Amino acid sequence: MNRTMMTATNTLNQLQSKIDQISNNIANVDTTAYKKTQTSFNDLLTQSFNNQPSETKEKGRLTAPGIRQGTGAMISQSQLVLSQGALKTTDRNLDAPHSPGMTNSSP
């Protein structure tokens, strides 16, 4: 298999994992106490080709000289987001108060 096809296959597999995580987050959006996950990507390997022997011939270039060819992407980390979700009112006696002073202290 040529290099381009291997790169595409690898990256598509990693993107499928990301889509699976997103769909899991969406499916559990109303699940009580569910914590979503976030995914970050990194390059697997980048190869540089220095095709220009003189950097002075590339005036105005903002990136490093040469051509860079990557071999795909991988999931670098999946983080569990532990932020608190919104409070929901259920009209039960054991609900958490939304703001100070809203508690009923009478028996």
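Only 11% of the 107 residues in this chain are buried. Keep in mind as you look around that this is a predicted model. The accessible surface adds up to about 9000 Å², and carbon and sulfur atoms account for 55% of that.

How far should you trust what you see? The mean pLDDT over the chain is 76, with 79% of the residues scoring at least 70. Confidence peaks in helix H1, residues 3–27, at 85, and bottoms out in strand S2, residues 46–49, at a mean of 70. As a rule of thumb, where pLDDT is low, the predicted coordinates should not be read in detail.

Now for the layout. The chain holds 1 helix and 4 strands, and walking from the N terminus you meet them in the order α-β-β-β-β. Sequence-distant pairs show up a lot in the contacts: of those between residues at least 6 apart in sequence, 64% join residues at least 24 apart.

The helix is a good place to see that kind of pairing. Start with threonine 7, which sits in H1. Is this residue buried or exposed? With a relative accessibility of 17%, threonine 7 falls under the 20% cut-off, so it counts as buried. Leaving out residues up to four places away in sequence, threonine 7 touches Gly70, Thr71 and Gly72.

Stay in helix H1 and move on to threonine 11. Once neighbours within four places in sequence are set aside, threonine 11 is in contact with Gly72 and Ala73. So Gly72 turns up in the contacts of threonine 7 and in those of threonine 11. As for alanine 73, its C-alpha atom is 5.2 Å from that of threonine 11, although 62 residues separate the two along the chain.

Follow the chain out of the helix and you reach asparagine 28, in the loop between H1 and strand S1 (37–43). You might expect a loop residue to be out in the open, but what does its accessibility say? Asparagine 28 has a relative accessibility of 19%, so it counts as buried too. Its side chain also makes a polar contact of 2.9 Å with the side chain of asparagine 24.

One loop further on, between S1 and S2, is leucine 44. Its relative accessibility is 40%, which means that leucine 44 counts as partly exposed. Which residues make up the nonpolar patch on the surface here? Leu44 is joined by Leu45 and Met74, and together the three have about 260 Å² of accessible area.

Methods: Residues are numbered from 1 along each chain as its sequence is written. This is a predicted model: local features need pLDDT of at least 70, side-chain atom pairs count only at pLDDT 80 or more; totals for chains, interfaces and linings use all residues. Side-chain values use heavy atoms; hydrogens and water are left out. pLDDT is the predictor's confidence in each residue, from 0 to 100. Helices (H or I, at least four residues) and strands (E, at least two) are DSSP runs, numbered from the N terminus. Buried means under 20% relative accessible area, exposed over 50%, partly exposed in between (1.4 Å probe, protein chains only). A polar contact is a pair of N or O atoms within 3.5 Å; within protein, one must be able to donate a hydrogen and the other to accept it, and residues adjacent in sequence count only if both atoms are side-chain atoms. Patches are made of residues with over 30% relative accessible area and no salt bridge: like charges are joined within 9 Å, nonpolar side chains (Val, Leu, Ile, Met, Phe, Trp, Tyr) within 5 Å. Accessible areas come from the Shrake-Rupley method with a 1.4 Å probe; for residues, only the protein chains shown count as cover. A salt bridge is a side-chain nitrogen of Lys or Arg within 4 Å of a carboxyl oxygen of Asp or Glu. Contact means heavy atoms within 4.5 Å.
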